[in-house]
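Here's a quick walk through the fold, meant to be read with the viewer open. We'll start with the sheet and work outwards.

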Amino acid sequence: MAQMKLKVLDLSRVLAGPVCSMILADLGADVIKVEKPGHGDETRGWGPPFAADGQSAYFLAVNRNKKSVALDLADDRGRMLVLDLISEADVVLDNFLHGSLDRLGLDPGELLERHRSLIWCTISGFGAENSRPGYDFVVQAECGWMAITGERDGAPMKVGVALADVIAGKDAAIAILAAVAERAAGPLPPKKRRINIALADSARAALVNVAQNVLVSGVDAQRWGNAHPNLVPYQLFDAADRPFVIAVGSDGQWRACARALGLADLADDDSLQTNAGRVERRDYVVSALAERVKEMGAQHWIERLQAVSVPCGLVKTVAEVLVGTNADARTGVPPSVPGSVRLPPPQLDEHGDAIRTLGWRAFG
């Protein structure tokens, strides 16, 4: 990626698109973020909290390693600069509603015909031809996530992070890099260089085994709280001092788990030797473990379980998770890909003069 030095023109905003362009930027791409004059990306105002320089935490989370230029795409000068940037770009990324760019004189189809190596990725809510706005909360509701999240007898619940947006952004980055790799082998027709990613498609695909359970069994999925529909024990338990999780994924781990907890009778119980047997007697197994672990603190049990390679862990707060990670209030959590942090998130139009004068040469 660093050798290819991709040029990515980012016309997106909010979360899914910026996640995608930040991943590419972390990997070494030059990314120009085009924003609306005066206001910029909507997430600049999504606070508090705000950093000392006025940037919202939300914006800071997904916009490092980019340069910002404020352009009015409805203005001839702004549109012409965007067209000039597109002429040298490897990738254009947008999340405009269907037909919006065409009306602005920036028809992706025409530009892909004109620029024979350009890759164009659009992220939408519900598909390339659908004009519904794509908001993570709505997608979580309509794509089954809320029906399977929350306590068993509780109300439908969204995931605590805008995960449909995040997954769609990662899907977009994967699709773009796949097109870049294919392009390197030879010229591609416009259809191969036109990528459409929908939050709804990403969210449905992310149902993985839950969707497959429904397809195989014909029985609709339900909420399991902190338990697992297919595995036992695989859930939250309350120790004497704080909650922790046990995640048994094999029959061997089960026997090791039961013995580590001092429950040899369960480890030797023939009816519990297979996961199917434990699922059948879920209430019995879970009740026995829950009663036992209340006797000591979580760390005591974690040390015993980890000593015999049983997956387990404390339920940590976000603040606890960030300790020792080199996370920074300005540049966020370190890249999850093998990349680097080179630039802090930009102020609105921070690099506007340089980009208007030098174009892509503003990166040096």
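This is a predicted model, and a good way in is its open sheet of 6 strands, which follow the order 3-2-1-4-5-6 with parallel pairing. Strand 3 (66-70) and strand 6 sit at the edges, each pairing on one side only. On average, neighbouring strands of this sheet are turned by 20° against each other, direction ignored.

Here are some of the pairings inside that sheet, with one bridge pair for each.

| Strand pair | Sense | Bridges | One bridge pair |
|---|---|---|---|
| Strand 1 and strand 2 | parallel | 4 bridges | L9 and I32 |
| Strand 1 and strand 4 | parallel | 3 bridges | V8 and V91 |
| Strand 4 and strand 5 | parallel | 4 bridges | V91 and I119 |

V91 turns up twice there: V91 is the bridge partner of V8, and V91 itself has I119 as its partner in strand 5. Strand 4 is covered on both faces, with V91 and L93 buried on one side and V92 and D94 buried on the other.

**Helices around the parallel sheet**

Helix 1 lies across strand 1, strand 2, strand 3, strand 4 and strand 5, and runs at about 160° to strand 1. One residue to click on in helix 1 is S21. Is S21 buried or exposed? With a relative accessible area of 0%, S21 counts as buried, because the cut-off for that label is under 20%. The S21 side chain has a polar contact with the side chain of K66 at 2.7 Å. Leaving out residues up to four places away in sequence, S21 touches D10, V31, K66 and L93.

Helix 3 covers residues 76-88, so to speak a 13-residue piece, and reaches 19 Å from its first C-alpha to its last, close to the 18 Å expected at 1.5 Å a residue. D75 caps its N-terminal end, with a side-chain oxygen 3.0 Å from the backbone nitrogen of R77. The buried residues of helix 3 are G78, R79, L81, V82, L83, L85 and I86. They pack against strand 1 (7-10), strand 2 (30-35), strand 4, helix 5 (108-114), strand 5 and helix 17 (352-358).

Then there's helix 7. Its 22 residues should span 32 Å at 1.5 Å a residue, and the end C-alpha atoms are 32 Å apart, so the two values agree. Its buried residues are A164, D165, V166, A168, G169, A172, A173, I176, A179, V180 and R183. In an α-helix, residues three or four places apart point the same way because there are 3.6 residues a turn. Among the elements covering the buried residues of helix 7 are helix 1, strand 4, strand 5, helix 6 (136-142), strand 6 and helix 9. Just after helix 7, G186 takes a positive phi of about 155°.

**The cores**

Which residues have the most contacts inside the largest nonpolar core? They are C121, I123 and I176, in a core of 37 residues. The elements giving two or more residues to this core are helix 1 (16-26), strand 4 (91-94), strand 5 (119-124), helix 7 (163-184), strand 6 (194-198) and helix 9 (199-205). Setting aside its neighbours within four places in sequence, I176 contacts C20, L24, V91, I119, C121 and I195. Apart from this core lies another one of 25 residues, including A239, A267, V285 and W301.

**The antiparallel sheet**

A second place to look is an open sheet of 3 strands in the order 7-8-9, with antiparallel pairing. Strand 7 (234-238) and strand 9 (312-314) are the edge strands, each pairing on one side only. The twist from one strand to the next averages 20°. Strand 8 (residues 243-247) is joined to strand 9 by 3 bridges, and C312 in strand 9 is the bridge partner of I246.

Two helices lie across parts of this sheet. Helix 14 (residues 282-293) crosses strand 7 and strand 8, at about 35° to strand 7. Helix 15 (residues 298-307) lies across strand 8 and strand 9, at about 155° to strand 9.

**Whole chain**

Zooming out, the protein chain has 17 helices and 9 strands. Its C-alpha atoms fill a box of roughly 75 × 45 × 40 Å along the principal axes. Of the 364 residues, 43% are buried. Among contacts with a separation of 6 or more, 69% come from residues 24 or more positions apart.

Conventions. Residues are numbered from 1 along each chain as its sequence is written. This is a predicted model: local features need pLDDT of at least 70, side-chain atom pairs count only at pLDDT 80 or more; totals for chains, interfaces and linings use all residues. Side-chain values use heavy atoms; hydrogens and water are left out. A nonpolar core is a set of buried Ala, Val, Leu, Ile, Met, Phe, Trp, Tyr and Cys residues joined through side-chain atoms within 4.5 Å. Buried means under 20% relative accessible area, exposed over 50%, partly exposed in between (1.4 Å probe, protein chains only). Contact means heavy atoms within 4.5 Å. The expected span of a helix is 1.5 Å times one less than its number of residues. A polar contact is a pair of N or O atoms within 3.5 Å; within protein, one must be able to donate a hydrogen and the other to accept it, and residues adjacent in sequence count only if both atoms are side-chain atoms. Two strands pair if DSSP finds at least two bridges between them. Axes are lines fitted to C-alpha atoms, for helices over the stretch in contact, and angles run from 0 to 180 degrees between N-to-C directions.
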